[in-house]
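User: I should like to learn how to read a protein surface that faces DNA. Please take me through an example.

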Number of protein chains: 2
Amino acid sequence: MQYFVAVAEERHFGRAAARLGISQPPLSRAIRLLERRLGTELLERTSRGVRLTTSGEVLLRESRAALDAVAAAERRTRRAAGAEPLVLVVKAGATGRAIAALLDAHASEPEAGPVRLEPCGVGEQVRWLHDGRADVAILHLPHDEMAGLEFVELSHEPQVALLADWHDHATRDAITVAEFDALRATLPEPRWPGADGVVPDGPGPAVRDHGQLQALVALGQTTWLAPASCRDVLRADIAAVPVRDAPPITTVLAWPAHGTSDAVAHLVATAMRHARTTRDAARGEAADTGSARTS
Amino acid sequence: MQYFVAVAEERHFGRAAARLGISQPPLSRAIRLLERRLGTELLERTSRGVRLTTSGEVLLRESRAALDAVAAAERRTRRAAGAEPLVLVVKAGATGRAIAALLDAHASEPEAGPVRLEPCGVGEQVRWLHDGRADVAILHLPHDEMAGLEFVELSHEPQVALLADWHDHATRDAITVAEFDALRATLPEPRWPGADGVVPDGPGPAVRDHGQLQALVALGQTTWLAPASCRDVLRADIAAVPVRDAPPITTVLAWPAHGTSDAVAHLVATAMRHARTTRDAARGEAADTGSARTS
DNA sequence: CGGGCCGATACCCGCCGGGTATCGGCGGCG
DNA sequence: CGCCGCCGATACCCGGCGGGTATCGGCCCG
């Protein structure tokens, strides 16, 4: 399956073989064998490379999930063996003080195990959960794909637009989504790395992390929507202007759905209590969320 | 991993080997090798058998998920190859006319592919989705475990208590949960097969499907809660009495979260339209659900 | 104290998965 | 129009891994 995924992604036997560290003939044979076993053509061989058939598409999708599951099994068992800390993965550069408060709350629990905080690329957290590099993650709805995850809501916050502090709108109390879109339409779209880690071609500036993005914002070369709490980590020369009618961002603590270790359950329970108390403190309302949702 | 799961479940190398169709020594070696590779003790060997260590528990949980994913990859690819119909799995004996209506609606769509309806044991649907025996399932919240699935709500319905028609309560308009519990407390609990397909020991009658359950109910030997639409499939000598304060049952159409084929997407879209129109017809309200939820 | 159960070890074999060398077919370019 | 180069398939060889049988060592129980 690993072999098939490599060929399907590279669309080329030679490159796939190189990536796998084997030579091309055994790879060809392995794929042929797989096709025999499944009783179907997975690839359409052309003289310039390879194309996926319909069943090939299905197998690619399913294989990725399966390989992730196998990798997760190995990683999680290894961590359990070494009594290593839970791994909590967060978007690099998006670690507000709310997360610090949650970790403090957890650390002050009597039976809490240690937690290791791990940063990752933008949007990579879900992958980390699925392939076992992380046990639990901080995600932001509606941006992240919650498929196959359970989660508990930590907080809701409005979105702000990030602008250079000398920008016309920078001193306003709030703007609208329409104004934000109009503003962004005048600027080239920054290009983020895709799921494969490679930055697509295009006119805009290439951006790899939040630091580079902030540099562009400060130069007036782009603008961006972010949850309000990002003010904690903003450069001084960037203004954050509330966007009145943008949908709110929900920060959630998420973990893989297919079974939960005691350590994860404990952290989640703490997070639910913590979210409830901070929300009560902030508004004095009865908590209406804070229960785990299966997604 | 398959080997490890077998040993972990049997708690006995000899029986596990028999189940796997190999002899015991290679199995021992394979597990030892796995322990070396992961750098940890997975099993505690005693002279009477085998016990799981903490990391063993982790690996068992993760391995089950991984093996299901692999099996699913094979089955789904095979089905895609043969241009076979979508498999829709339902609880055996729980096929109300609502499902028939949904299938009719789908069949009358211009581009709808064929759908094969497959019955399964009680509570087995989720497993079928995870290991690829089914593409899509009818489930009932809050009974079924939605972890790792996406779903769309089809209908909500109150619960009814199933009683023999000669029972004292059988002619009442409604009863309460408290009354139902009191009633059930006087009767032995029927024993259902567990996840492993084996019926646990105990005092109550052993029950394997809804037919046997109905026979017991009609004899006054047990009682049961069910969604109201089960009246469609009830024997004539069983009364269904509404339970006023029981939580409503939500019927959902669910599918694996990690990626959706066109055929599944099409069925889901039809189901959403269908649910909305039937709900509108029933109540004349604006539809407040019907959007796919990622769980 | 002895027998039987259970997992581990020793040892052998066949085949699967890897390697190199080479072929066949198709596109593109001179 | 024909040749060259790229790409996947085939042929053939080898080593190691995964399977088998025979047997051992330790523990519980009678």
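User: Which helices each supply at least two residues of the surface near DNA strand D?

Analyst: This is a predicted model, in which local features need pLDDT of at least 70 and side-chain atom pairs pLDDT 80 or more, while totals for chains, interfaces and linings use all residues. Residues are numbered from 1 along each chain as its sequence is written, chains are lettered from A and ligands numbered from 1 in the order written, and side-chain values use heavy atoms, without hydrogens and water. Helices are DSSP runs of H or I with at least four residues, numbered from the N terminus; a residue is near a strand if one of its heavy atoms lies within 4 Å of it. Here, α2 (13-20) and α3 (24-38) of chain A and α3 of chain B each supply at least two residues. The largest share, five residues, comes from α3(A).

User: Which residues come nearest to DNA strand D?

Analyst: Of the 20 residues around the strand, these are A:S28, A:R45, B:Y3, B:S23 and B:R29.

User: Which part of DNA strand D do the atoms within 4 Å of the protein belong to, sugar or phosphate, or bases?

Analyst: Sugar or phosphate accounts for 62% of these atoms, and bases for the rest.

User: Where do polar atoms of B:S23 and B:R29 lie relative to DNA strand D?

Analyst: A polar contact is a pair of N or O atoms within 3.5 Å; within protein, one must be able to donate a hydrogen and the other to accept it, and residues adjacent in sequence count only if both atoms are side-chain atoms. A backbone N or O atom of B:S23 lies 2.9 Å from a phosphate oxygen of the strand. For B:R29, a polar side-chain atom lies 2.5 Å from a base nitrogen.
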